[in-house]
Every structure is written in structure tokens, then in C-alpha cells.
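Let's explore a structure together, one question at a time. Have a look at it first, then try each question before reading on.

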Amino acid sequence: MGGSQPARPLKAAIDYFDTGMNEVRGFLTRGSAFALLTVLEVQRRDRIHGPIAEIGTYLGKSLIGFGLAAQADETVIGVDLFIDGARDFEAELRANWRRFDLPEDRLRLHRGSSADIDAAAWAALLGAPARLVHVDGEHTRAAALHDLGLSASALGAGGVIVVDDVLHPWYPDITLAAGALLDRDRSLRAFALVDRQGTLMQGGAKLFIARAADVDRYDAAFRACVPASIVGRTAFAGSNPLVIDVAPDHAKALLIIPQA
Ligand SMILES: C[S@@+](CC[C@H](N)C(=O)[O-])C[C@H]1O[C@@H](n2cnc3c(N)ncnc32)[C@H](O)[C@@H]1O
């Protein structure tokens, strides 16, 4: 993992996306971890500030990485039903959060379906426009489009929306929802498509979306951090995202050198 700017507080997130995340059950591949960390590095370097949100937290595998990347005055918001069959997993999520020494007051959990959150309630939940929203909740077309609409409705300057499980044979409607968002909001562009890794039900592909004006900073960062993993570009719903395929022997260069 080379670079030029000191950013001591990001070290915990770098370590987490490298190895720590293996201690938390959930759904996050190494390639997606490389990509999420690259976005967080750009945001730290460029002083892009604001809450980070996730719709569909499960046990916090991604959320903890966001918490470790957040500044002391930033909040991490998680929306979930917190029910899996008969099991309520909110306590396990909170225990995972504490296990990584994260302060409880950095975490704001909302219990319930995101379908019941409208744009006004979403803005109130965030408290300020978000710098990053990870959409990984209900995997239907209507729900994903609703969640993506919420994400776009309060996206801060320089912000990124990440859509999980696009191009997934089991959830094909997610891709249609992502395309519909890009078709209806022409200020947004997909800038990276990280391919799936693992078996059918593990590690889906992720699509990374930003405002058109912000694409270049993220595109350049991905080209600097994962050059060996970039296959080329593809056309998707008016965008030309980088196609990224992280093989087991690929590494990620750091955009920022962490201090000890
Ligand atoms: C694939 S898991 C999320 C994985 C997680 N992001 C991780 O890092 O491991 C999907 C999550 O979405 C939640 N979910 C499903 N339908 C939802 C809804 N309508 N509103 C909010 N969350 C929902 C589920 O409870 C589940 O925890």
C-alpha cells in the first residue's frame, strides 16, 4: 500500500480495509474494500467533509470502516431493519462497532425500512449532506431506486454513492435501478465498476457514482491506486466508468501515507 500527504487518523481505516474487516461477518470483498478506501482517501486529501451513511448495515462490515475513516465531528448513519428471521442483530452490530474502539456517539442507527424514509426525513437523519452513501438494503428494483433517490437527494459537494450488487444474476433489478437513477439525474455519472469476486452469493459488483464535476478526481485516484486491476472502460447509462477487476495477487497503492 505509497503517496504524499500525512493523514494519521486514516490509518485505522487503512488497516481495517486491509485485514480488520476479516473479523466481521458480512459482505465486502477485497476489491470493494480497495475501492471504498480509495474514495475515503480522496475525501480526506480533498477535505470533503460530512456524514457517511449506509442503507443495509447487517453486522457492520462496511460501516465499521466508515466509522474508522470518519473525523471526530462526523457522524455515521446506518439504516436497517436489524431483523434476520427471528434474530435481532442490532446488539451484535453495536458490539462489533465497540470492538474496533469506535465511539458510540459517532454512530446513529435508524431501525426500520428505508421505504418509510422520505427525502425530508433522510435529510433530518443525516443532519448535513452526505459525503458517502452505501446502498446495500432491500435488493428489489423499487427499493433500490428509492434508496438511490434518497442518496442523491442529500449528497454533499464531492460526495459519492456506492451501489452494491449491480450486474448480479440473482438481483438483476439493482442494475436497472442504478441505470434509472443515472438516466433521470443527468448531473450524476458512474465512475467505477468493481467486478464481483467469489461465488454467486458472495461479493457482488459495486458501482461508484459521483457528480460529473467530481469524476476526474476519483477516476485519477483509482488509476493511481489500483493500476494493475483496471481492465478498461465501459459504457453504462450515459457514463464511462472504469472497469476494475481485483485479482488475488493485486495490491492497492495508498493515496496518502499513514503516519504511525
Ligand atoms: C446484504 S446485507 C448488507 C451487508 C452489509 N452492508 C455489509 O457490509 O456486510 C443487506 C441488509 O439490508 C437490510 N435490509 C433489507 N431490507 C431493508 C429495508 N427495506 N430497509 C433497510 N434495510 C433493509 C437487511 O436487514 C440486511 O442487513
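The questions below are about the ligand and one salt bridge in this predicted model.

Q: Which residues come nearest to the ligand?
A: A residue belongs to the surroundings of the ligand if one of its heavy atoms lies within 4 Å. There are 17 residues around the ligand. Those that come nearest are Phe27, Gly56, Ser62, Asp80 and Asp136.

Q: How many residues of the shell around the ligand are charged?
A: The shell can be sorted by residue type, and Asp, Glu, Lys and Arg count as charged. Four residues of the shell are nonpolar and eight are polar. The charged ones number five.

Q: Which polar side-chain atom lies 2.8 Å from a nitrogen atom of the ligand?
A: A polar contact needs N or O atoms within 3.5 Å. Ser113 has a polar side-chain atom 3.0 Å from a nitrogen atom of the ligand, while the backbone of Phe27 has a polar atom 2.8 Å from a ligand oxygen. The side-chain atom asked for belongs to Asp136.

Q: How much of the ligand's exposed area does the protein bury?
A: Start with the ligand taken alone, which exposes 600 Å². The space taken by the ligand is the largest pocket. Of the ligand's area, the protein buries 88%.

Q: Which residue forms a salt bridge with Arg94?
A: The model has 18 salt bridges. In this one, the closest N and O atoms are 2.9 Å apart, inside the 4 Å limit. Both partners lie in helix 4 (residues 90–99), four residues apart, about one turn of the helix. The partner of Arg94 is Glu90.

How values were computed:
Residues numbered from 1 in each chain as written. Predicted model: local features only at pLDDT ≥ 70, side-chain atom pairs only at ≥ 80, totals over all residues. Heavy atoms only, no water. Polar contact = N/O pair within 3.5 Å; in protein donor to acceptor, adjacent residues only side chain to side chain. Areas by Shrake-Rupley, 256 points an atom, 1.4 Å probe, with all protein chains shown as cover. 1 Å grid on protein atoms, 1.4 Å probe; cavity = no way out; pocket = protein on both sides within 12 Å on 5 of 7 lines; lining within 4 Å. Sits in = over half its atoms within 2 Å of the grid points. Salt bridge = Lys/Arg side-chain N within 4 Å of Asp/Glu carboxyl O. Helix = DSSP H or I, 4+ residues; strand = E, 2+ residues; numbered from the N terminus.
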